[in-house]
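Biologist: Please give me a close look at one part of this model: the paired charges. Take it slowly, and show me what lies around them too.

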Amino acid sequence: MSLDHESFMRLALEQATLAGAEGEVPIGALVVVDGAVVGRGSNRSIRTKDPTGHAEIVALREAAAALGNYRLVGATLYATIEPCLMCVGATLHARAARVVFGAEDPKGGAVRSLIDPSTLPLNHRFDVVSGVLAAECGALVREFFRSRRE
């Protein structure tokens, strides 16, 4: 099945915009299985006072609940920003097939920037597609932090 990465990333950007409107870092995520969105997430760590409230974790939890299984075999995780180490760990444990992300995160990204999980002796691997709508995804976060500094 061919996935339209840009269309799904635009949906993830909608989730990121929702997070930003709540005062959260504007990051959004989706989980897609067989071409259908089964999980959506936006950052909520600040408002829930939960360090695991990252968009990717929220989307993975929603997808697992929707599918009735913590194993998300064949799933694609879309994230507007390169996932962090915690989110990569959860994605590996969920057995997702693929991670598609927008902008790189040179200070915290754990898919390509700081580490590459495909080089580690893990019992699961996922495919990676990077740079999907990277300019839009990165601009949203940059604008958020710029406005915070003013």
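Modeller: A salt bridge here is a side-chain nitrogen of Lys or Arg within 4 Å of a carboxyl oxygen of Asp or Glu. Keep in mind that this is a predicted model. Side chains of opposite charge can pair when their charged atoms come close.

Start with Glu-24 and Arg-47. They form a salt bridge, and their closest N and O atoms are 3.9 Å apart. This pair links distant parts of the chain, 23 residues apart. Glu-24 sits in the loop between helix 1 and strand 1, while Arg-47 belongs to helix 2. How buried or exposed is each partner? Glu-24 has a relative accessible area of 1%. Buried means under 20%, so Glu-24 is buried. Arg-47 has 39%. Partly exposed covers the range from there up to 50%, so Arg-47 is partly exposed.

How many salt bridges does a search of the whole structure find? It finds five. One of them joins Arg-10 to Glu-136, with 3.0 Å between the closest N and O atoms. This pair also links distant parts of the chain: Arg-10 is in helix 1, Glu-136 is in helix 5, and 126 residues separate them. Arg-10 is partly exposed at 39% relative accessible area. Glu-136 is partly exposed as well, at 38%.

Arg-112 and Asp-116 make another salt bridge, at 3.2 Å from N to O. Arg-112 has 38% relative accessible area, so it is partly exposed. Asp-116 comes to 24%, so it too counts as partly exposed. Elsewhere, Glu-143, Arg-146 and Glu-150 are linked in a network of salt bridges.

Now go back to helix 2 and step past its end. Lys-49 lies in the loop between helix 2 and helix 3. Most residues other than glycine have a negative phi. Lys-49 has a positive phi of about 55°, although it is not a glycine. Its relative accessible area is 72%. Exposed means over 50%, so Lys-49 is exposed.

Next comes helix 3, residues 55–67. Helix 3 packs with helix 4 at an angle of about 20°, and their axes are 9 Å apart. Why are they called roughly parallel? Angles under 35 degrees count that way, so helix 3 and helix 4 are roughly parallel to each other. Their crossing is left-handed.

Helix 4 covers residues 85–94, and Leu-85 is in it. Leu-85 has 55% relative accessibility, so it counts as exposed. Leu-85 also helps make a nonpolar surface patch of about 420 Å². Its partners there are Leu-114, Ile-115, Leu-120 and Leu-122.

Beyond helix 4, Arg-95 is found in the loop that leads to strand 4. Phi of Arg-95 is near 65°, a positive value in a residue other than glycine. Arg-95 has 18% relative accessibility, so it counts as buried.

End in strand 4, with Gly-102. Gly-102 is buried, at 2% relative accessible area. Gly-102 and Glu-6 are 96 residues apart in sequence, but 9.5 Å apart in space, C-alpha to C-alpha.

Key: Residues are numbered from 1 along each chain as its sequence is written. This is a predicted model: local features need pLDDT of at least 70, side-chain atom pairs count only at pLDDT 80 or more; totals for chains, interfaces and linings use all residues. Side-chain values use heavy atoms; hydrogens and water are left out. Patches are made of residues with over 30% relative accessible area and no salt bridge: like charges are joined within 9 Å, nonpolar side chains (Val, Leu, Ile, Met, Phe, Trp, Tyr) within 5 Å. Accessible areas come from the Shrake-Rupley method with a 1.4 Å probe; for residues, only the protein chains shown count as cover. Helices (H or I, at least four residues) and strands (E, at least two) are DSSP runs, numbered from the N terminus. Buried means under 20% relative accessible area, exposed over 50%, partly exposed in between (1.4 Å probe, protein chains only). Axes are lines fitted to C-alpha atoms, for helices over the stretch in contact, and angles run from 0 to 180 degrees between N-to-C directions. Angles under 35 degrees count as roughly parallel, over 145 as roughly antiparallel, 65 to 115 as roughly perpendicular and the rest as oblique. A crossing is left-handed if the near helix is turned anticlockwise from the far one by less than a right angle, and right-handed if clockwise.
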